[in-house]
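Q: I'd like some practice reading sheets, cores and odd backbone angles. Could you walk me through a model?

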Amino acid sequence: MNTFIGTVPELAFAAADSSQERDIFLRIVKTRKCKINDDDATENNGEDKLPTTLGIGVEGGFSTDSDKYETVTKHSILVMDNSKNIIIEIPFDVEDDDASAKLPEMVVKSAKSIIHHVGLAIQQDLTAWKDDEEIPISKYCNELPFVDNGVKISPDPKSWKCEKSGDTENIWLNLSDGFIGGGRKNWDGSGGSNGALDHYEETGQQYPLVVKLGTISTEGSVVSADCYSYAKDEDGPVKIPNLGELLRARGIEVMGLQKTEKSTAELEVELNAVRKN
């Protein structure tokens, strides 16, 4: 978790300093679980049903591995010495706050960033997506209204949640008044609770800019995040050059923050991949 290099136990210390005695790792174990239940197996004597339709992955058609199996992924944090001995291993679930509370904050952030990291193919599609759609700088960022209501956002990401639904994922911070609301729903019904957009409408469409909590990261002095403008003449993703300043005004110190959630662009690429399949 220091080098972010994928490896196996036998080569775990290949990229480390030769004098290093131990290191911390995120273990990822994936297993395939058969989807066929006992009733189906009994009915078909343990054999696959004969296809009745010329097609793959459709009702009555030829089955694929994804029809037969589901992949179960388990994560754990472990400390290993350079003799390949596991000193300690702690199960880790991104949804389990109790498990996260047992670990240092930086370890939790690093683990979440690895778990939410997308693969090379998605990254390549994401680059093409960004190239096709140039994201403009919002015309509202320099003179954005700031409501001096005393709202300060906790530096602890575990406390961030939609003020309407209580959702803790896909949540957006209004940069004018500090309201945290859920994102909009996707075409397939997934997504958020619409809390952030509803709040924009309920406050007279005065405060258009929001940022997706969990996507904020820094590289040197550059702050990046998934930002959106609800203003009718923009209504889309935007860039906010003074994002760091706006976040600090709400108590969020951006230095050291790491991205722990997928951005809208990454989710859109994955949804498009589902449509193609």
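A: Sure, starting with a term we'll need: two residues are in contact when heavy atoms lie within 4.5 Å. Keep in mind as we go that this is a predicted model.

Q: Then which residues does Leu-173 touch, leaving out those up to four places away in sequence?
A: Leu-173 touches Ile-153, Gly-178, Phe-179, Ile-180, Leu-209, Val-210, Val-211, Leu-213, Leu-247 and Ile-252.

Q: What about cores: which residues have the most contacts inside the largest nonpolar one?
A: The general idea is that in soluble globular proteins, nonpolar side chains tend to be buried together. Here the largest nonpolar core has 21 residues, and those with the most contacts inside it are Leu-173, Leu-175, Val-211, Leu-213, Ile-240 and Leu-247. The elements giving two or more residues to this core are S4, S6 and helix H7 (243–248). H7 provides the largest share, three residues. There's also a second, separate core of eight residues, including Leu-197, Tyr-200, Val-210 and Tyr-230.

Q: On to the sheet. What is the strand order in the open sheet of five strands?
A: Strands of a sheet pair through backbone hydrogen bonds, either parallel or antiparallel. In this open sheet the order is S5-S4-S6-S9-S10, and the pairing is antiparallel. S5 and strand S10 (236–237) are the edge strands, each pairing on one side only.

Q: How many bridges join S4 and S5?
A: Three: strand S4 (residues 171–174) pairs with S5 in the antiparallel sense over that many bridges. Leu-173 turns up again here, with Ile-180 in S5 as its bridge partner. H6 packs on the sheet, where H6 touches S4 and S5, and the direction of H6 makes about 120° with that of S5.

Q: Last topic, backbone angles. Which value of phi does Asn-194 have, positive or negative?
A: For background, most residues other than glycine have a negative phi. Asn-194 has a positive one, near 75°. Asn-194 sits in the loop between strand S5 (180–182) and helix H6 (195–202). Its relative accessibility is 22%, so Asn-194 counts as partly exposed; buried would require under 20%.

Q: And where does Gln-205 lie?
A: Gln-205 lies in the loop between H6 and strand S6 (209–212). Gln-205 isn't a glycine, yet its phi is positive, about 55°. Because its relative accessible area is 35%, Gln-205 is partly exposed.

Methods: Residues are numbered from 1 along each chain as its sequence is written. This is a predicted model: local features need pLDDT of at least 70, side-chain atom pairs count only at pLDDT 80 or more; totals for chains, interfaces and linings use all residues. Side-chain values use heavy atoms; hydrogens and water are left out. Helices (H or I, at least four residues) and strands (E, at least two) are DSSP runs, numbered from the N terminus. Buried means under 20% relative accessible area, exposed over 50%, partly exposed in between (1.4 Å probe, protein chains only). Two strands pair if DSSP finds at least two bridges between them. Axes are lines fitted to C-alpha atoms, for helices over the stretch in contact, and angles run from 0 to 180 degrees between N-to-C directions. A nonpolar core is a set of buried Ala, Val, Leu, Ile, Met, Phe, Trp, Tyr and Cys residues joined through side-chain atoms within 4.5 Å.
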